[in-house]
Amino acid sequence: MTEASHIPQQLTACPDCDLLLQTTQDDHRMEGRCPRCKAVLWHSAKHTDTISFAAAISGLILFYPAITLPILKFSMVGQNGSNSLIGGIYRMWIEQEKMLAILILLCSLIAPLMHLLLTAVVCLSIRLNHFPPHFPQWLKYKCWMQSWSMLEVYAMGIIVAYVKMMHDGDVSVSGGTYCLCALLLCVILSSQYFYEEQAWQHWEQNKPA
């Protein structure tokens, strides 16, 4: 069996165009961009894991009320009703729209929840300077769940439903909407201020022998 080729630590690969650049440790103290495609290679911002960790914890706190509280309340021709995120998925399931219900469950509930949970775990490990052997798997799963998290698509659907229904009856925004907007903001902040390259650097410097 042939051994995998060893890539020196002084080489950094561009995530967009795969250009290999020779760098030093001092270069990572400032923001670096690829000279060919101008993609960001690393960030120089400090304490970004604190912002990402705080956003992830806040998102986990907001998650339950965001999916269970009513999002919209409406009244049409004497009929009153309300809907929540989890209630909408259940409604699709009992109406035999099972594939759509599973897709929304994955992209609007499971993926955002796992994304926030893994972000909090990874950031906590960095803050405590404690890196278990499963840290690389947590980081990979976190990035994978982030790509599947599409809570903003559901939020756009709520806006479209509100606009379409407001002319046919009385529609009011309920508490679940505010929790969902706050949750969406937490998901965005936890992604925006989390730098995968820095997390891998922490792992390389502190991984168990």
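Which helix does Thr177 lie in? Thr177 sits in helix 6, residues 175-192. Before we look around, keep in mind that this is a predicted model, where local features need pLDDT of at least 70, side-chain atom pairs count only at pLDDT 80 or more, and totals for chains, interfaces and linings use all residues. Residues are numbered from 1 along each chain as its sequence is written, and side-chain values use heavy atoms, with hydrogens and water left out.

**The overall layout**
- The protein chain has 7 helices and 7 strands; helices (H or I, at least four residues) and strands (E, at least two) are DSSP runs, numbered from the N terminus.
- Going along the sequence, you meet them in the pattern β-β-β-β-α-β-β-α-α-α-α-β-α-α.
- Of the 209 residues in the protein chain, 33% are buried, where buried means under 20% relative accessible area, exposed over 50%, and partly exposed in between (1.4 Å probe, protein chains only).
- Take the contacts (heavy atoms within 4.5 Å) with a separation of 6 or more: 63% of them in the protein chain come from residues 24 or more positions apart.

**Back to Thr177**
- Thr177 counts as buried because its relative accessibility is 14%.
- Setting aside neighbours within four places in sequence, Thr177 is in contact with Pro70, Ile71 and Leu72.

**Helix 3**
- Helix 3 covers residues 98-128, so 31 residues, and reaches 43 Å from its first C-alpha to its last, close to the 45 Å expected at 1.5 Å a residue (the expected span is 1.5 Å times one less than the number of residues).
- At Leu106, helix 3 bends by about 35°, which is the angle between axes fitted to the seven residues ending there and the seven starting there.
- Right after helix 3 comes Asn129, with a positive phi near 55°.

**Helix 4 and helix 7**
- The axes of helix 4 (residues 135-148) and helix 7 (residues 196-206) come within 11 Å and cross at roughly 175°; axes are lines fitted to C-alpha atoms, for helices over the stretch in contact, and angles run from 0 to 180 degrees between N-to-C directions.
- That is why these two helices are roughly antiparallel to each other (the cut-off is over 145 degrees; under 35 is roughly parallel, 65 to 115 roughly perpendicular, and the rest oblique).
- Where they meet, the helix 4 residues include Phe135 and Leu139, and those of helix 7 include Trp200 and Trp203.

**Cysteines**
- The whole structure has 0 disulfides, a disulfide being a pair of cysteine sulfur atoms within 2.5 Å.
- Cys34 has its nearest cysteine sulfur, that of Cys17, 3.6 Å away.
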